[in-house]
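I opened the notebook to look up how side chains meet one another, taking rings and charges in turn.

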Number of protein chains: 2
Amino acid sequence: MTTPEQLLQALQQEIEKNTYGAHPVELYEPIRYIMSLSGKRLRPLMTLMAAALYTDDWRKALKPAQAVEVFHNFTLMHDDIMDCAPLRRGQPTVHEKWNANIAILSGDVMLVRAYDLLLDVESDRIKRVIKRFNDTAAEVCEGQQLDMNFETRWDVTEAEYLNMIRLKTSVLLGFALEMGGIIAGANQQATSLLYEAGVNMGIGFQLKDDLLDVYGDPAKFGKQVGGDIIANKKTFLLIEALERAEGTTKTELNRWLIAEEFDKEEKVQAVTQIYNTLEIRSLTQAKISEYFDKGFDCLERVEADPARKVPLLGFVHQLVEREY
Amino acid sequence: MTTPEQLLQALQQEIEKNTYGAHPVELYEPIRYIMSLSGKRLRPLMTLMAAALYTDDWRKALKPAQAVEVFHNFTLMHDDIMDCAPLRRGQPTVHEKWNANIAILSGDVMLVRAYDLLLDVESDRIKRVIKRFNDTAAEVCEGQQLDMNFETRWDVTEAEYLNMIRLKTSVLLGFALEMGGIIAGANQQATSLLYEAGVNMGIGFQLKDDLLDVYGDPAKFGKQVGGDIIANKKTFLLIEALERAEGTTKTELNRWLIAEEFDKEEKVQAVTQIYNTLEIRSLTQAKISEYFDKGFDCLERVEADPARKVPLLGFVHQLVEREY
């Protein structure tokens, strides 16, 4: 049985081999740069693990799997311009290290190169793979636009937020698993379940990110606890709090949200206290469990050799239990 | 025989039907907007005319032809951000009418939608079409990057300039013709010649744009004659002048290029006079003829029913003779 570690190693080797193009260097160096800022390679690994459910020849999914990773990093390069983000994985973003024009144009070429990598699929499956990739890619852009729209709105509902994170982050995880199945010859029911599993897990992961930003163990979390609170980021927790707060709690929450000058630690403590009062933590945990349960249920129902499912299930369990 | 006018009409109807997507409206409205700013639909028309060389069923090329037009407009949307251009075809650019973030993200979706339109090709040809489209799309981005690099250089050679315009503007015209042939079942030799014809014609058209900006008839040209001279735009004419000027001519040319305050009309007259002295006009005309001749030679050699070639040749002759 191939382990996730073996799949990851094969993937890393392939990624390191890819130069994306040579000349002009201003166009291709930023692509090599962002692709080298490690990351967990979660999405392409999902593709390989889904393929390995049905075939020992999972290597034939290596290039299409990379397409998902290149696409993901393309969205990061463009999102970082839009969000004026100075850092990505602790290093300067492309538009900071070079400039915004180079980040726009390098990103454009990355999207083209993702389609190049997708072409390494058997001819009878290529239309289906590219159509599903197109649908997914457009949805990811829709999610980013909704996220930007939400920045200036205070009446975002839970349903709207869940739909936004589904589009912005989860459908790509669903597609990554689905494509692994398609390439390995899984039937329609199995590829649908793989997709549903990825989408539900993805929503669960994003909600967990939201939760850990406030309730994570600072020793394990790696970044400042409360960063989202300081930035008034519209997370699941804040949206629930805005929907539930009444009376003096509502007044105090609004006071912190409109405050332009404040002590950061004090704001984090005060807003966390409001979340505690409103029982936002357990509410969020319940929602996370709901999505993870749905995701695992889909994975259980995927028709495949039970022995082959062990590594995928084990890997997803690890992700679900992470506290950082 | 189908006339270019009939092809254009069918194309316009198809383009007007496409909505690109619904929600969120901020993402899709800019796509409909830029696609509605007319333009001559030159590239998709080339695809249809190349298809009509080999089949009466040119309608099967309507969607892939649109992919070329959507891709072209995607490059315009992103280039306009990079060039800080306020107007496009006399109307506000997308980043001016909305903002740069929306222009980045709407452009990204346009590129995805171009691939959607490309999928409407018979399965046995789809890999070839998409591979050729990918190569072309990456080259167009390379050309745009080279064009930006040239802005801060004064030693651009003729060969570098010709390579830049080949990439930035001509390969897409080549691909448009080539794809029409591929879809209609032309043989490899014919599709190669169609591609070469498009590339050579495209270089000729760009050089003619450069020439008309200085020597065009103001009554026919439609925009200010000398706009490139005022902006110090590195056109074929300026690059040749920089290579050829010596002595006092060189001193005077450099004086106009570094001048920060000047009378526009005076600069246009003075630089035009320098071009006249250096015989840049006839030199450029000779280069244009060289590319147009190569292009026509390729079209002549394309194996197809001579009667079917009449509309395509007539159309290209019209383009070659335009004075605006």
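**Rings and charges**

I began with a charge over a ring: in this predicted model, the charged end of A:Arg132 sits over the ring of A:Tyr195, 4.9 Å from its centre. I then looked up chain B, where the charged end of B:Arg132 lies over the ring of B:Tyr195, 4.9 Å from the ring centre.

Next I turned to the aromatic pairs, of which the structure holds 15 over all chains. One of them joins B:Tyr161 and B:Phe236, which I noted as tilted, with 6.4 Å centre to centre and 45° between the planes. This pair links distant parts of chain B, since B:Tyr161 belongs to helix H8 (residues 158-183) and B:Phe236 to helix H12 (residues 236-244), 75 residues apart. I also checked exposure, and found both B:Tyr161 and B:Phe236 buried. Elsewhere, ring pairs link a cluster with members in both chains, among them A:Phe71, A:Tyr115, B:Phe71 and B:Tyr115.

For the salt bridges, I recorded a count of 40 over all chains. In chain A, the side chains of A:Lys168 and A:Asp147 meet at 2.7 Å, N to O, and this salt bridge links distant parts of the chain, with A:Lys168 in helix H8 (residues 158-183) and A:Asp147 in helix H7 (residues 126-150), 21 residues apart. Another joins A:Arg88 and A:Asp80 at 2.8 Å, N to O; here I noted that A:Arg88 counts as partly exposed at 21% relative accessibility, whereas A:Asp80 is buried, with a relative accessible area of 4%. Finally, I came back to B:Arg132, which is linked with A:Arg113, A:Asp116, B:Lys131, B:Asp135 and B:Glu178 in a network of salt bridges.

Conventions: Residues are numbered from 1 along each chain as its sequence is written. Chains are lettered from A and ligands numbered from 1 in the order in which they are written. This is a predicted model: local features need pLDDT of at least 70, side-chain atom pairs count only at pLDDT 80 or more; totals for chains, interfaces and linings use all residues. Side-chain values use heavy atoms; hydrogens and water are left out. Rings of Phe, Tyr and Trp (its six-membered ring) pair if their centres lie within 6.5 Å; planes under 30 degrees apart count as stacked, over 60 as edge-to-face and the rest as tilted. Helices (H or I, at least four residues) and strands (E, at least two) are DSSP runs, numbered from the N terminus. Buried means under 20% relative accessible area, exposed over 50%, partly exposed in between (1.4 Å probe, protein chains only). A charge sits over a ring if NZ of Lys or CZ of Arg is within 6 Å of the ring centre and within 35 degrees of the ring normal. A salt bridge is a side-chain nitrogen of Lys or Arg within 4 Å of a carboxyl oxygen of Asp or Glu.
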